[in-house]
Number of protein chains: 2
Amino acid sequence: MGLIVQKYGGTSVAGAERIKSVASRIARARRLQNRIVAVVSAMGDTTDDLIDLAHQITPDPDDREMDLLLSTGEVMSCALVSMALHAIGEPAIALTGAQAGIRTSRAHRRAHILSIDPERVTRELNRDRIVIVAGFQGSTEEFDTTTLGRGASDLTAVALAAALSADLCELYKDVDGVMTADPRLATGARLLDEIDYEEMLELAQQGAKVLAPRAVEMAAVYQVPIVVRSSFNDSAGTLIHEGVKMELRNKVRGVAHDTDVAKVTVQGVSDRPGISAALFEPLASLGISVDVIVQNASSHGVTDLSFTVSRGDLGRTVRAIEPVAREIGAQSVLASEGWAKVSIVGTGMQHAPGYAARMFRALANRGINIEMITTSEIRITCIVEAKRIGDAVATLHDAFQSDEASP
Amino acid sequence: MGLIVQKYGGTSVAGAERIKSVASRIARARRLQNRIVAVVSAMGDTTDDLIDLAHQITPDPDDREMDLLLSTGEVMSCALVSMALHAIGEPAIALTGAQAGIRTSRAHRRAHILSIDPERVTRELNRDRIVIVAGFQGSTEEFDTTTLGRGASDLTAVALAAALSADLCELYKDVDGVMTADPRLATGARLLDEIDYEEMLELAQQGAKVLAPRAVEMAAVYQVPIVVRSSFNDSAGTLIHEGVKMELRNKVRGVAHDTDVAKVTVQGVSDRPGISAALFEPLASLGISVDVIVQNASSHGVTDLSFTVSRGDLGRTVRAIEPVAREIGAQSVLASEGWAKVSIVGTGMQHAPGYAARMFRALANRGINIEMITTSEIRITCIVEAKRIGDAVATLHDAFQSDEASP
């Protein structure tokens, strides 16, 4: 008898009919002799609607009250899914994040899970009940409601799976699983049968929207096997785990892209210690995430430093950087939007420098200019013009297609 | 420096503009050097919408899950009111019923408040914050969310006022206060400046919708002074307290009516001990509230027994009564709808039997037949045809008008 933690996203529970269909799917899993915990997101656009409502009251709602407001979306859907199970004769109980023992930091809107006390969940499982948990939320030690940041219902599911030592964590989405690239851009994109944690993490960080990087990180740390699959059909989905077969590791596993990229260049920076710190400290204190950072080799003690941020952060970034740039005697600060990043990811690249050359050649042959380059051990990322991103993804997917042949 | 518990009903918080207006009103009360706790209901039709949503899933939703679902309505509005206060520079914090320390029985959908631990509320007040509490809800010892029954946000406010030894409990409604009769039926209906607990309780029990009887009962027990007033204007409203002036007590204070009345008559019942118990025990075990009960004097050891229930309970009542009636040898069970009750209430009637005669005469002069009569020490109630209820209320309000002259 296995223990499975399932998670159903917002699209999967959008409306009464879909909720009933989720209940059937849960019931089916239970009839296969499994104990089931199901984490649910808010229905459809509920979270956006609640944010709109708050913004009708004030442009700058308090984070703590915002969490209390937003948390109601998932509470509603977990109550409704539990009702739908009762209606088909399945014993079920709905729990809020707090009731499920999810204790978090006090950083409202982006709280971290500190611990999970699974006592109540375990007790209900032992009473032979299906446990439905509101995703995306927890509570502080003081019983204040927190939320874990956008898309964090996946994280709730993985964390519960870890705390309960579940056999499997199934994440139900509105897509069939993890693809080798975005199928809207690369017509040949294929569903991956499996992928290991590290590769999945790179794909997620480089823009694959299917899974939040935080959820993958936690799954890797606690070795929770994850299946990403569709709640609208019975396809097997993608298994994310540690044990991908050795012969598969020497491959490009996927192409990821992200069009939410703005670029800032600080020109004519003196190349002396402490300059980078002076530039990036103010951004860190504003909570602005800097993504790619490239500093050209210094000539005559003067260099250019470029980095990327989310488009939404560009204005604040420039305002924070300009006074520092003046202070350190930089020539100018240039800001621009309209960029995108495209990455190839695969454990196999680790000891195969040829991949970078093949990537750059493929883009060049298509007439796509590379603005910046950055690499990790298992990933190569290029910043290109956003209007060429479709071509870039398709080209790279074609170029490395052969590497991705099914096992 | 006083402590005031306010309560804002669903109409008062229906929409962003009204929520901002509630925030201004709270801020104004605070600037008068008061510490404020404000209890809020769900916005407008939210509760009905949530019930509809549940019924799209299943005709018979589980009570526990229904409570979890319904509780989100008040959580949303308390978060929004707190945000609106932040937006105008007032320190505020929103608390769920559970966070506000409201512990209840486990009777979901109709839980009773067992105790209030005001520790968190007091702590926030001491930090100079306005405390906004989600009405209508609490939690069990096991931290399961409960609701207190329809309209119970008034009860939350009165209970908090009692637990905090507040100086005043202000209930903001979409009406100006407690009226001498329904102004839609009696054109001369006046706003009462004040009324005592006992009279208010009778009015509420006999159909005055302005306040739930439970809230009045609790206010009476803990001697919490209540003001019922409008959130849409600055009229002073009605003060409900113990200390109504002596010279006012010898009056009819108001006319109440209720059209949700169905009648059941069990004919030809043997007049022997245990018969009434046999009839009413099954209704009690079904949770059906029986209102007026009249048993005519027995002739030849056989009597008729009539009682009233809510129209919605009539079907279940008849199904429960019929087998018992057969068992005890009654002749027949008659059920009918289309009834209403009209009551006059006033402490003064206690030792003045003339009031009953005046009431019956007034109705007779208007050609209104009295079907059943029942009295308490400070109330006389007649059951009449529902289609005559407008005439009955207007007639009685006119007849006792002189008794109600302002102090």
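Start with the two α3 helices, one from each chain: α3(A) and α3(B) are roughly antiparallel to each other, because angles over 145 degrees count as such (under 35 is roughly parallel, 65 to 115 roughly perpendicular, the rest oblique). Helices here are DSSP runs of H or I with at least four residues, strands are runs of E with at least two, and both are numbered from the N terminus.

Before going on, note that this is a predicted model, in which local features need pLDDT of at least 70 and side-chain atom pairs count only at pLDDT 80 or more, while totals for chains, interfaces and linings use all residues. Residues are numbered from 1 along each chain as its sequence is written, and chains are lettered from A and ligands numbered from 1 in the order in which they are written.

**Stop 1: the α3 pair**

Select residues 63-87 of chain B together with α3(A). The two helices pack at about 165 degrees, with axes 8 Å apart. Axes are lines fitted to C-alpha atoms, for helices over the stretch in contact; angles run from 0 to 180 degrees between N-to-C directions. The crossing of α3(A) and α3(B) is left-handed (the near helix is turned anticlockwise from the far one by less than a right angle; clockwise would be right-handed).

Now show the side chains. From α3(A), the contact takes in E65(A), L68(A), L69(A), T72(A), V75(A), M76(A), A79(A), L80(A), S82(A) and M83(A). From α3(B) come E65(B), L68(B), L69(B), T72(B), V75(B), M76(B), A79(B), L80(B), S82(B) and M83(B). Contact means C-beta atoms, placed from the backbone, within 7 Å. Colour these residues by class: 14 are nonpolar, four polar and two charged. Ala, Val, Leu, Ile, Met, Phe, Trp, Tyr, Cys and Pro count as nonpolar, Asp, Glu, Lys and Arg as charged, and the others, Gly among them, as polar.

**Stop 2: the whole interface**

Widen the selection to both chains. Here 26 residues of chain A are in contact with 26 residues of chain B. On the chain A side, the elements giving two or more residues are α1 (16-31), α2 (46-57) and α3 (63-87). α3(A) gives the most, with 13 residues. That side of chain A has 17 nonpolar, six polar and three charged residues.

**Stop 3: α2 against α3 in chain B**

Stay in chain B and select α2(B), residues 46-57. Its axis comes within 9 Å of that of α3(B), and the two cross at roughly 150 degrees. α2(B) and α3(B) are therefore roughly antiparallel to each other. This crossing is right-handed. Look for T46(B), T47(B), L50(B) and A54(B) on α2(B), facing M66(B), L69(B), L70(B) and G73(B) on α3(B). The contact has five nonpolar, three polar and no charged residues.

**Stop 4: the eight-stranded sheet of chain B**

Show the strands of chain B. Eight of them form an open sheet in the order β3-β6-β2-β1-β9-β11-β12-β10, with mixed pairing (two strands pair if DSSP finds at least two bridges between them). The edge strands, each pairing on one side only, are β3 (92-95) and β10 (194-196) of chain B. Neighbouring strands are turned by 20 degrees against each other on average, direction ignored.

Zoom in on the β10 edge. β10(B) pairs in the parallel sense with β12(B), residues 238-241, over three bridges. I195(B) stands opposite I240(B). Then add helix α5(B), residues 153-163, which lies across β1, β2, β6, β9 and β11 of chain B and runs at about 175 degrees to β1(B).

**Stop 5: the domains and second sheet of chain A**

Move to chain A. Colour domain 1 (3-174) and domain 2 (255-401); such bounds come from an automatic or database domain assignment. Their C-alpha centres lie 36 Å apart.

Next, select the antiparallel open sheet β14-β15-β13-β16-β18-β17 of chain A, six strands in that order. β14 (293-295) and β17 (372-376) are its edge strands. The twist averages 30 degrees from one strand to the next. At the β14 edge, three bridges join β14(A) to the antiparallel β15(A), residues 302-309. There I293(A) has F307(A) as its bridge partner.

**Stop 6: α6 and α7 of chain A**

Finish with α6(A), residues 197-205. α6(A) lies across β13, β16, β17 and β18 of chain A, at about 145 degrees to β16(A). Add α7(A), residues 213-222: the axes of α6(A) and α7(A) come within 9 Å and cross at roughly 165 degrees. α6(A) and α7(A) are therefore roughly antiparallel to each other, and their crossing is left-handed. Among the contact residues are Y197(A) and M200(A) of α6(A), and P213(A) and V216(A) of α7(A).

Definitions and conventions: Two residues are in contact if their C-beta atoms, placed from the backbone, lie within 7 Å.
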